[in-house]
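Please open the model in your viewer and keep the selection panel at hand. The stops below are meant to be followed in order.

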Amino acid sequence: MPNSWNPFELIARRWQPSAAFVRRAALATVVMSVVIVVTGGAVRLTQSGLGCSTWPKCTPDSLTPTAAMGINGLIEFGNRLLTYVLCAFIGVFIIAARARAPRRRSLTRLGWAMFWVVMGNAVWGGIVVLTGLNPYLVAAHFLLTTALLTVSVLAWRRAAEGDEAPRDLVSRPVRQLSGLLVLATGALTVLGTVVTGAGPHAGDAKKVHRIPVDWREITQLHVDFVYIVVGLSVALWFTLRAVKASAAPRRMVLELFGCIAVQGVIGYVQYFAGLPEIVVGLHMLVSTLVWICVLRIHLALRDRGPVPAGEGEPSGPKAEVPAPAEAGAAAPQPAAGASSR
């Protein structure tokens, strides 16, 4: 009775979403996280960072942009409105995860984590505007969005697997190599924010403070980390083949190669063409795809069992990558090899 007026309990009594629906809701949060990154880049690249001169209102006297503010005000305000759309998608995921029986607290926790990251980043974005696009705060704003993308990918993966204790599908050194790839890609992302903070795209047509480093030199360091990521990816692919890991993670590494190849072409084009806005925007888009690929590879090298079956369902679907049945033949071999050492 105490929970009879709990809205989640009321929804759960009337609606039992399928495991597939929960997975699709999680995937939708991943897509929307990518959209937020791209639209945030569009704000910067169209010099609309101060299109709304204050926060939380757009102007001191108006919540919405005025005609005098032109297209820049509309772009900045439109990006703010997308925050509500993103919250709606996250809300659908939280409600679906909460309504499904058996209840999985791991999923609802991830959903609420996404919500609070969005809320925190919205306030942080307001501080960015109030400080006149301080480049360090702008960089942190992007990294918080990357944190949102990370949590959404984790939720997507967790929605496709069970709640058993994690079990490595490859030997520990292989998992450590994939973890090193995640760390190197994270460092590459951080360096990318420094490049942007020192480069010519300040986010507004007015004079805006920049990070006081030579953007060409920091770009070279950024490129050096690209080579490190490529090297680790190649090493991981050959290692997965050597230990006879399942096909799924090896396929994901090939997908990562494709994203890195596209990103490399875009990177050289934007550098030698003088950083045209549209190419820089594409660079930001593909950077999110690279990060998603790296996270999926790391998460694919362990298993948590099948998704718990709901009421009236014969059995829960296997995790998306790799399925325990697939990995069963490959997993014992690396484990035996590790113990023999």
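Begin with the whole chain in a ribbon view and follow it from the N terminus, where the elements run α-α-α-α-α-β-α-α-α-α-β-α-α; the chain has eleven helices and two strands, these being DSSP runs numbered from the N terminus, with at least four residues (H or I) for a helix and at least two (E) for a strand. This is a predicted model, in which local features need pLDDT of at least 70 and side-chain atom pairs count only at pLDDT 80 or more, while totals for chains, interfaces and linings use all residues. Residues are numbered from 1 along each chain as its sequence is written, and side-chain values use heavy atoms, with hydrogens and water left out.

Now switch on the surface of the chain, which comes to about 16,500 Å² of accessible area, 68% of it belonging to carbon and sulfur atoms, as computed by the Shrake-Rupley method with a 1.4 Å probe, where for residues only the protein chains shown count as cover. Of the 341 residues in the chain, 48% are buried, where buried means under 20% relative accessible area, exposed over 50%, and partly exposed in between (1.4 Å probe, protein chains only).

Next, select Phe93, Leu236, Leu240 and Leu256, which touch the most other members of the largest nonpolar core, a group of 57 residues; such a core is a set of buried Ala, Val, Leu, Ile, Met, Phe, Trp, Tyr and Cys residues joined through side-chain atoms within 4.5 Å. Among the elements that give two or more residues to this core are helix 2 (19-45), helix 3 (70-99) and helix 8, and helix 9 gives the most, with eleven residues. A second, separate core has nine residues, including Leu45, Val195, Ala198 and Val280.

Stay with leucine 240 and ask which residues it is in contact with, leaving aside neighbours within four places in sequence. They are Val170, Val174, Ala245, Pro249, Arg250, Val253 and Leu301, contact meaning heavy atoms within 4.5 Å.

Then move to glutamine 270 in helix 8 (residues 247-272), which is buried, with a relative accessible area of 11%. Residues up to four places away in sequence not being counted, glutamine 270 touches Leu275, Pro276, Val279, Val280 and His283.

For the aromatic stop, select tryptophan 112 and phenylalanine 115, which both lie in helix 4, three residues apart, about one turn of the helix. Their ring centres are 5.7 Å apart and their planes stand at 85°, so the pair is edge-to-face; rings of Phe, Tyr and Trp (its six-membered ring) pair if their centres lie within 6.5 Å, and planes under 30 degrees apart count as stacked, over 60 as edge-to-face and the rest as tilted. Add tryptophan 116, whose ring is also edge-to-face with that of phenylalanine 115, with centres 5.0 Å apart and planes at 75°. Tryptophan 112 is partly exposed, at 36% relative accessible area, whereas tryptophan 116 counts as exposed at 58%. Elsewhere, Trp215, Tyr268, Tyr271 and Phe272 form one aromatic cluster.

Finish in helix 4, where valine 123 has its place and is partly exposed, with a relative accessible area of 40%. Glycine 125 also lies in helix 4, but counts as buried at 15% relative accessibility. As a last selection, take the C-alpha atoms of glycine 125 and phenylalanine 142, which are 17 residues apart along the chain and separated by 9.5 Å.
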